[in-house]
Amino acid sequence: MSALTIFIYQFFRRHKTVFYVLLLASAACFAFFGSKITFEEDITKLLPSVEQEGAEQLVFSNLKVKDKLFFLFVPAAGDVEPEDLVAAGDEFVQALLEKDTAWHVINNILYEVDESVLQDGVAFLYAHAPVFLDTSQYRRIDSLLACVDSQMQENYSLLVSTAGMGYKEIVMQDPIALRKLFLSTVGSIGNGLGGNYAFYESHIFTADTSALVAFLSPNFKSFDSKQNTLLLNLVTETVEAFREQHPEITLHFHGAPARSVFNSKRIKLDLLLTVSISLLLTLALLLVCFRNKSTLLFLVAPVVYGILFALSVIYFIKGSMSLMAIGIGAIVMGVAFSYCLHVITHYKYVSLPEKVLKDQTVPVILGVLTTIGAFMGLLFTESELLSDFGLFASLGLVGATLFVLLFLPQFFNPAVNKKSEKAFAVLDKINAFPLEKQRWLIAAILAVSVVCFITSRQVRFDSDLQHIGYHDTQALQSEKLLASKTADGLSTVYFAAVSKDLDAAMAASVRLCGRLDTLAAEGQIKSYAVPSSVFIPAAEQRQRIACWNTYWTAEKKAAVRQQITEAGSRYKFMPGAFDPFFALLDKEYEPVSLYDAEVIPREIRDNIIEYTGDSYLVFIPVRMERSRLMDVGSRVVTGNPGFVVVDPMYYTSDMVKIIHGDFNITLAISSLFVLIVLLASLKNILLALLAFLPMGLSWYIVLGCMSVFGLEFNLINIIISSFIFGIGVDYSIFIMDGLLADYRKGEPLLAYHKTAIFFSAVILVIVVASLLFAVHPAISSIGVSTLIGMGATILIAYSLQPFLFALLITNRTAQGKAPLSPAALFGRRKHPVTQALQNNYRYKGYRVERLLRKELGQTARYALIGAATAGKDTLLDYGCGYGFASYAAAVGNPRLQITGFDTGEDAIAIAGHGYRKTSRMRFTTDVAALNSRYSVVIIQKDCPEEILRPLLLHATAVIVRKGCADNSLLHAAGFKAASSDAVFTVFYPLEHRQA
């Protein structure tokens, strides 16, 4: 990979026009399509998608009973009368409806019931009287008939009163006052509003008439963020104007649409605050340490490019995403900063773009792959927000990495490269402190890890999304005020019976009431209302009509007609005055649909029964403590799929628990993916486990600490697991890369990496700590737990990982012992040469170890070299590469003075850092080493004649890798091939060779 990025760098260096066209065109393309994406701003995007079959999905649809806005008009001074509230309410509603003429976001506003509606309702009741009379009420009819004379006197008094004209039709149609039996029926309709309400001048008031109430139903689902924002802008503008004009009246409002918008606005404000704080502090830090102002652009540009890349790809994939995912994704951009910092910090030290790419390409790509693997696990969750976050984070890192490795090096100019020497000196001093040698620290980490591993299973998970939603203070005040005036301070939760058929839904509501009766008796709920009692199933209507016909026999009707006529005549009523009532008795009745008749205003009807297009929901408002919702809801709906709790949070709590369980699986998948990538890259199980250690261990430390300190996970801060996985594996990969670079070649990469990690960690701490200033619970909840995880990750990567590396590898090799490995511990003992060479090159890299194994097999453990160097004094290994042949010769002849020469600096560095290297061995790229006399010469690369000829003058044996030297030159110099294997040929001089 390094070769590819260097090739691209050199190509762009030669073709600047191509470079700028490609960079600008791709950035413009990503910006264009990224700007077309739409953002979902509601907290409910945390919820899983509800596309499963069942009545529960209706709870997430556009049900007007749950998506209302509530307005309360309350006197601010004591001299405001109900009439004043009525006038003010009319004015406000009219102003709001006028503003909505251009937008049509309001479906209706219920705040008054016209008298004509009441009259039509009464007329409908009389026109279908048998339907609305329960069979138990016929005894009361007998009582009414027994008191016809007294009722007729009351009728006469009503007619001669000042309001007599208004009662004329009622008296003619109902001389025996059946209306008294209908009062409970009419009263139950008002219960559909979900509380105790009263009517004053046809307007809806709280029961004590101290507050006028209005109910606004929007034209959209409350989760529609754009429409919600538009509606709330109209409402807020109208409310502010009303408050200025009517300071004597306090206007409160709350409801699901308002809650959604308040959440959205709070998120935006918090993001603006936290991002601003973290950006200012980060820029200040970097400006002090990186003296080039362009460095700031180098850091920001890849992140911006990555964000644009992610947004454009998501636009093509799905077209929209959660705004909160962007906010949480800001943390992940800290990881992208980390990659930029590693590349730029390395450049500050070495000043050579090719060297930067050579050293950084592999660890950066490896870090990106493992981090993406950690974040991609979120795509397996059912939460759209977490899925958006995982997708955005993964794509953002891909885009940023492409910029860092392909475009950024083109802007490096070694001639003007600067850094603050003082700042870097301080950082070098800090990073040089040997945390891995502090035994007390290692012991403390291990002890804490054990404790946290034990306590990790006790961590709690808060599944109530109410706790991570933002609640506006004024809206909360409004909500509590309404509850105190209409529901005794309790919450009103709607339950519903659902069916495709209205009659079946109403029958199911009767069974639902049976369950609620049990809960009320147990004290689990305070009370409930049955506003749907006026909606009678057709079968029951037929029974009631039959009962009516049975009751009103011809004889009974004749007797009642005579009784009423005689009583009426005594109060001067005309003989035909009560014909409408007698017609009611003689009428043939059929079942009727009160729902389809639309006698009840739609605004009220939708609070009792709602048709969603394929299902009917019959609602029952229940007064209860909100804290009992989960238990009560479970007892109501369990075992009956036709019952639902009309509260999305009830179902999402269960779904969140499911996600929490699934999340453990996704973490396991992510962990396995990361481990596989580490194994595939490092090609060594021990190194892979060491690199995996900070990531895995820090997760258990987070769990344990949260358990010990009583902190709870929720659906938002659980993503820190992915974040810790991502940043933990990045830090451990770079630390491992630095440790291996020092062990393999003695390069100071670890110091460079630690400086970059320091910058990255400080920036991420700033970003995460800034979240603590957020007001929105979902955002602020990320801060504490993430800081714990990051602190654990950094500490483990800086101390425990290098401690174990030293314990297993470098401390042993410093003592002349072989590094530990599974093969060394459990493998069988091998031939001394094989064992010595494999131990010497263990952990030097998969390519090196594989090449060694191949040559050991092809050369029979370098047998020819061992024989040719036996008893000799000096050896030159020309083109020694990694030094296999040199070390093989040293095993057979420890007293041999060995010089390994090669022009490849990396190969010489690896050869020179074998733990079996002694003072009698040297590996160099200096051609001056070729001027000495050597008794044995090994030729492993093409050797120019002017170099080879002098070497042959003093050599007593020449070992040539096949194809690397001209045999005719050897023959001319008096050498003859003596023996060979698959790789080497040994030449010895003729017995009588000329000087």
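Let me start with disulfides: taking a disulfide as a pair of cysteine sulfur atoms within 2.5 Å, the count in this model comes to zero. As a reminder of the chemistry, a disulfide is a covalent bond between the sulfur atoms of two cysteines. Cys964 shows why no bond is assigned there, because its sulfur lies 9.9 Å from the closest cysteine sulfur, that of Cys943, which is too far for a bond. Cys964 is also buried, at a relative accessible area of 12%, and Cys880 is buried too, at 5%; here buried means under 20% relative accessible area, exposed means over 50%, and partly exposed is in between, with a 1.4 Å probe and protein chains only.

Please keep in mind that this is a predicted model, in which local features need pLDDT of at least 70 and side-chain atom pairs count only at pLDDT 80 or more, while totals for chains, interfaces and linings use all residues. Residues are numbered from 1 along each chain as its sequence is written, and side-chain values use heavy atoms, with hydrogens and water left out.

Now to the salt bridges, each being a side-chain nitrogen of Lys or Arg within 4 Å of a carboxyl oxygen of Asp or Glu; by that rule there are 21 of them. One of these joins Asp134 to Arg544, with the closest N and O atoms 3.4 Å apart. This pair links distant parts of the chain, since Asp134 sits in the loop between α4 (115-127) and α5 (138-146) whereas Arg544 belongs to helix α19 (residues 538-551), 410 residues apart; the helices and strands I name are DSSP runs numbered from the N terminus, helices being H or I with at least four residues and strands E with at least two. Asp134 is partly exposed, at 29%, but Arg544 is buried, at 9% relative accessibility.

Another salt bridge brings together the side chains of Arg561 and Asp586, at 3.6 Å from N to O. It too links distant parts of the chain, with Arg561 in helix α20 (residues 554-570) and Asp586 in helix α21 (residues 579-586), 25 residues apart. Both partners are partly exposed, Arg561 at 35% and Asp586 at 43%.

What about a pair within one helix? Glu945 and Arg949 both lie in helix α36 (residues 945-954), four residues apart, which is about one turn of the helix, and their closest N and O atoms are 2.3 Å apart. Beyond single pairs, Lys355, Lys358, Asp359, Lys745, Glu747 and Asp906 are linked in a network of salt bridges.

Finally, the surface patches, which are made of residues with over 30% relative accessible area and no salt bridge, like charges being joined within 9 Å and nonpolar side chains (Val, Leu, Ile, Met, Phe, Trp, Tyr) within 5 Å. Which residues form the positive patch? Lys683, Arg828, Lys830, Arg847, Arg850, Arg853 and Lys854 do, and among them Lys830 lies in the loop between α30 (822-826) and α31 (832-840) and is partly exposed, at 34%. A negative patch consists of Asp79, Glu81, Glu83, Asp84, Glu201 and Glu248, where Glu248 is found in the loop between α9 (225-245) and β7 (249-255). The nonpolar patch is formed by Met1, Leu4, Phe7 and Val362, with about 410 Å² of accessible area together, and Met1, in the segment before α1 (2-14), counts as exposed at 57% relative accessibility.

Terms used:
Areas by Shrake-Rupley, 256 points an atom, 1.4 Å probe, with all protein chains shown as cover. Lys, Arg positive; Asp, Glu negative; His and termini not counted. Charge placed at Lys NZ, Arg CZ, Asp CG, Glu CD.
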